[in-house]
Amino acid sequence: MSTQAEQAQKAEQAEQAEQAKQPEQAVRQLPADAQPDITQPGIAQKAQSTPANKSFQPLPRLVLVQPSQSVKTELVLSADQQAVVDLTPGTGPVLLWGAPGTGKSTVLIEAAVERMEHHGVDPGGALLLAPSRLAAAKLRDGFSARLTRSISTSPARTWSSYAFDLLRRATVAGRMPHLDGPPRLMSGPEQDLIIKDLLAGHKMGLGTDPQWPDELSEALETRGFRQEIRQLFDRVIEYGLLPEELAQLGIANRRPDWVAAASLYSEYRDVVDWGKSGSFDPAGIITAATTLLQLDAEFLAAERSRLELIVVDDIQEANRSVHELLQLVGRGKDILVAAAPDVVVQGFRGARPDMVASLAQSLGTEEFPLQQFVLSTSHRMSPAVAGRGRGWPRGFSRSVAGRRLANLCGRNRLAKVGWKQQPGTRRRTSGPMWWPQRSMNCAWWRSGSCTCSTLRSTAWIRSP
């Protein structure tokens, strides 16, 4: 019996061994076109991990190589740019004029890096401001590429971002006990939703009816109307007006829509101030930061002591509240400001290019007056193209557009400035003519309100 059992056991083992060999033989008998493609990444990795498949070649090794041209290159600055970069700490406020393409942003970055690399300015005490996130990102990238040291955080911010940082640090320090929590920036859709709910409540008979004019009755439920209301509220917040003051302005200027908007603004402030404590709209956050510095002298002194260098690009895009904030933190300090009043794209957000002319009073002091530099070298056009562009105003003045410029910047306005005719130039009585003037201390020209600023590269004026 034992012999029969052993024979049965051996037969069973032989059968199992035969079944185990069948898959391997099936794989060996596959045709060539049905063999697995070992060039595919997944199959190749499995082949490498299988000890039996030692004949498979490993994947090629990837090695990082240095680019042909380094990203960081030495800049060749023009003479007018180098004059600004060579300014040492303690110079005071500096205003840099320049048309698009003259290298204003480059000068600001190079001046900041020069002071940090060779004059001991702490990067943590630098502040780089720009009007938008895209402009701030360009400043950040250019600054990071030129600086040879590592920093904990980027000093490039938008104006709203810096104001939010002030409120955040003040809240952490316990200087804003009236807030229930940390500050929060309201988004545009959130503002739109609040205004939409208030208008819907008025339609249902809730709250105080603002009494909108009849011509606006069909527009009350549209998104465009709410957007116009948001922009009006931003300007009201920017100038610190109360609802009653807005209503008085509406009555004085015969604007019943302003009077109705004043009633809506009163309810809007109640919702934001009481229902959403700690929430700030984009226009109100800068005003709140300015008010904080005005009321807290100790916090203002600490902030001015912390900032060793302030750099502001495209100051022509700033509104009134931004100018007030810069006056508090930068008056009499090392602050570099770049302006191109001819290029204003934030006018719908309250940009005030005319206030650039007031920087001498808001930033300068008797000890540190505002110094002004003009960049006249074009870095976007070739010298041949830029040279040809210098002579176009003479022919342009005879065209329809030239006559419009002459009407906008005519004899009366220039007479107020007290301009003088250049020696050796001749008068022309047959029509308006633009004459070059090397120096022109014109408040309108400086602020960009005068159309002569469109010809800033040669400073042309109109002859009487």
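Select Arg254, just after helix H9, where phi is positive at about 55°. Helices here are DSSP runs of H or I with at least four residues, strands are runs of E with at least two, and both are numbered from the N terminus. Arg254 is not a glycine. Most residues other than glycine have a negative phi. Arg254 sits in the loop between H9 and H10 and, at 76% relative accessibility, counts as exposed. Exposed means over 50% relative accessible area, buried means under 20%, and partly exposed is in between (1.4 Å probe, protein chains only).

This is a predicted model in which local features need pLDDT of at least 70 and side-chain atom pairs count only at pLDDT 80 or more, while totals for chains, interfaces and linings use all residues. Residues are numbered from 1 along each chain as its sequence is written, and side-chain values use heavy atoms, with hydrogens and water left out.

**Helix H9**

Step back to residues 243-252, which make up H9. Which residues of this helix are buried? They are Pro243, Leu246, Ala247 and Gly250. Seen down the axis of H9, these buried residues fall within an arc of 100°, so they line one face of the helix. The arc is taken from the directions that run from the helix axis to the C-beta atoms. Now colour Glu244, Gln248 and Ala252: these exposed residues are on the face of H9 turned away from its buried side.

**A second positive phi**

Go to Gln211, which is not a glycine either and has a positive phi of about 60°. Gln211 lies in the loop between H7 and H8. With 57% relative accessibility, Gln211 counts as exposed.

**Aromatic pairs**

Select Trp212 and Phe225. Rings of Phe, Tyr and Trp (its six-membered ring) pair if their centres lie within 6.5 Å; planes under 30 degrees apart are stacked, over 60 edge-to-face, and the rest tilted. The count by this rule is four aromatic pairs. Trp212 and Phe225 are an edge-to-face pair, with 5.2 Å centre to centre and 80° between the planes. Trp212 is in the loop between H7 and H8 and Phe225 is in helix H8, so the pair ties together parts that are 13 residues apart in sequence. Both Trp212 and Phe225 are buried.

Another pair is Tyr265 and Tyr268, which is stacked: 6.5 Å centre to centre and 25° between the planes. Both lie in helix H10 (residues 256-275), three residues apart, about one turn of the helix. Tyr265 is buried, with a relative accessible area of 5%, and Tyr268 is buried at 0% relative accessibility. Add Phe233 to the selection: Phe233, Tyr265 and Tyr268 form one aromatic cluster.

**Salt bridges**

How many salt bridges does a search of the whole structure find? The search finds 18. A salt bridge is a side-chain nitrogen of Lys or Arg within 4 Å of a carboxyl oxygen of Asp or Glu.

Select Arg146 and Glu110, whose closest N and O atoms are 2.8 Å apart in a salt bridge. This pair links distant parts of the chain, with Arg146 in helix H5 (residues 133-146) and Glu110 in helix H4 (residues 104-118), 36 residues apart. Both Arg146 and Glu110 are buried.

Next, show Arg157 and Asp165, a salt bridge with its closest N and O atoms 3.9 Å apart. Arg157 is partly exposed at 23% relative accessibility, whereas Asp165 is buried, with a relative accessible area of 9%. Extend the selection to Arg168, Arg169, Glu303 and Arg306, which are linked with Arg157 and Asp165 in a network of salt bridges.

**Helix H12**

Glu303 leads to helix H12 (residues 297-306), where the buried residues are Phe299, Leu300 and Glu303. They cover an arc of only 100° around the axis, which puts them on the same side of H12. On the face turned away from that buried side, select the exposed residues Ala297, Glu298 and Ser305.
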